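Reader: I am new to this structure and would like a close look at a single part of it. Please keep the account plain.

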Amino acid sequence: MEIIQQLISKDKYSLKCPYSMVPKYITIHNTGNNASAQNEINYMQRNNDATGFHIAVDDQVAILGIPLDSNAWHAGDGSKGTGNRESIGIEICYSTDFKTDKHEKAFMNAVEVTKQLMKQFNIPIENIKQHYDWTKKNCPHRIRQEGTWKKFLSLCEEESEEVKMGLVNGYQSLKWLNQQIHVYKQSGKEKLGLLSLPYGSVLDITKFKLPGKKIKCICNCHYFERGKSNGFLGRCQSFTDDARTLGPLDANFKGWKGGKDKPYMDLVVLNDGTVKAGDFNSWDYPKNEVAVGIAPAHVEILNGKDVDIYSPACGYSKVTTANTQTLLIKCDDGKFALVVVAGKLNLNQCRDWGHTYKVTEMSAQDSGGSSQMLVDDENKLYTGRAIPTCLVIYEDIEEETDLEPSVPDLETNSINVDSVGLRIRETLTFTNKKPTGKVIGFIPVGDKAKMLDMVNGIQKDGYQWAKVEYKGITGYSQYDSMCYWIDDGGEE
């Protein structure tokens, strides 16, 4: 059931929900009146009482009024009480309505909301409590009066139809925590693959091609550092590449757990569908054994178990920071799916979603503005950011002859500025994460500069940089999806 978010104003957080919370319990209340969920939320939003709750549920909707990562004063067990500090408060509406079936419907909707929260926060059935359990108050009064508490708990233990269904083959759009999720799952003889570009090249996702194959779904993949001569800091085993990481046993490697170069983690999907992830040596899993080899930012689920494996180069922020996300997942039936979260979820929330839909493998790719998906050439989420690699689900349409994707020649690439002008700097230096190199030129909107080289890796300001030439000036220019694309010399 969708939970609509209508949070109280932030200036009331210090009054109604001043403490952060990791929910361990769910507490069930009855409102004790004949008001709707919307009326309950409206009243909590406008009053200046400390008392509150997280979610109000009636016969039609469920509305979130206080964030689930904050406490609420609903249990009556004091400022340090477990009910107030570690439990989600759910108010079931219409508890004094004995003339219609509104309370019965609200009761069943509250069951669905409770089941969702149990899965999301891994809360066991024994931690579903009545308000009565904390303070001996006669609440939820209607449930206690009618003796339906055991029924409520029994229904909460039943597997929902949504979970039984799992993910369907092909494309579907889902809602989770009120965020839209685009999913494309393999069907029939469709296969998983990776399209990659040569060093220094990026393309608009709509321009990636795979001759001899029909691309059913395409989404962004990793954005790793690629060396020009001595290899890669991220694995890229695609239709055209067999690039494997500089591992910790390499003589030139400067430090897996520190040092100047921070490597990317490896993940491979073998030809039999097995997923392997971690810190591989350069020569593990050669190309003839691998369907796809990538460098994800984080792995959330591996071989059916929750894990917390992250790339030192990417850091840990994706796990806890809500953002647009791109995921590669494998379902319990052995089929792979590409997933793009169009709203904002952190990776812990993505993993909870995965548990609900029977996901056995989950890894996170580049996110934010890079997260994009096309299904049968239709944009499901499109930002225009040019990227170097794409995951695809495809099908064979003719005998395999030439698997090389259409890619641009680096020598003919240029940076086209279409949103905001770009400064050209003499040196690539930073202070407090801001570029400080001397400005020696400016590329105005509507003009273009020749791209001479890509600077390895995201820089301290959080952006990719390139070495460029513009009207005889050579220097360094920041470029971002909102102000550039790579011109491959083709016709528009």
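How many bridges join strand E13 to strand E14, and do the two run parallel or antiparallel?

Author: The model is a predicted one. Four bridges join E13 to E14 (residues 275-278), and the two strands run antiparallel. One of the pairs can be named: Asp266 of E13 has Gly278 as its bridge partner in E14. Together E13 and E14 make a hairpin, with four residues between the strands. Gly273 lies in that turn and has a positive phi of about 90°.

E13 also pairs with another strand. Four bridges join E13 to strand E15 (residues 290-294), again in an antiparallel arrangement. Here Val268 is the residue that stands opposite Gly293 in E15.

Next comes the question of cover. E13 spans residues 266-270, and five of its five residues are buried. Buried stands for a relative accessible area under 20%. The cover extends to both faces of the strand. Asp266, Val268 and Leu270 are buried on one side, while Leu267 and Val269 are buried on the other. Asp266 and Val268, the residues named in the two pairings above, thus belong to one side of E13.

A helix gives a useful contrast in how buried residues are placed. In helix H7 (residues 149-157), the buried residues are Trp149, Phe152, Leu155 and Cys156. They lie on the same side of H7, because they cover an arc of only 125° around the helix axis. The face turned away from that buried side carries Lys150 and Glu157, which are exposed. What the buried residues of H7 pack against is a mixture of strands and helices: strands E2 (25-30), E5 (87-92) and E6 (128-130), together with helices H4 (102-121) and H6 (141-146).

A single residue in another strand shows burial at close range. Ser477 sits in strand E31 (residues 473-479). Its relative accessible area is 0%, so Ser477 counts as buried. Leaving aside residues up to four places away in sequence, Ser477 touches Leu422, Arg423, Ile443, Gln464, Trp465, Ala466 and Val468.

Finally, the setting of these parts. The protein chain has 10 helices and 32 strands. Of its 492 residues, 53% count as buried. Among contacts in the chain with a separation of 6 or more, 69% are between residues 24 or more positions apart. The accessible surface of the chain comes to about 22,000 Å², and carbon and sulfur atoms account for 46% of that area.

Methods: Residues are numbered from 1 along each chain as its sequence is written. This is a predicted model: local features need pLDDT of at least 70, side-chain atom pairs count only at pLDDT 80 or more; totals for chains, interfaces and linings use all residues. Side-chain values use heavy atoms; hydrogens and water are left out. Buried means under 20% relative accessible area, exposed over 50%, partly exposed in between (1.4 Å probe, protein chains only). Contact means heavy atoms within 4.5 Å. Accessible areas come from the Shrake-Rupley method with a 1.4 Å probe; for residues, only the protein chains shown count as cover. The arc is that of the directions from the helix axis to the C-beta atoms. Two strands pair if DSSP finds at least two bridges between them.
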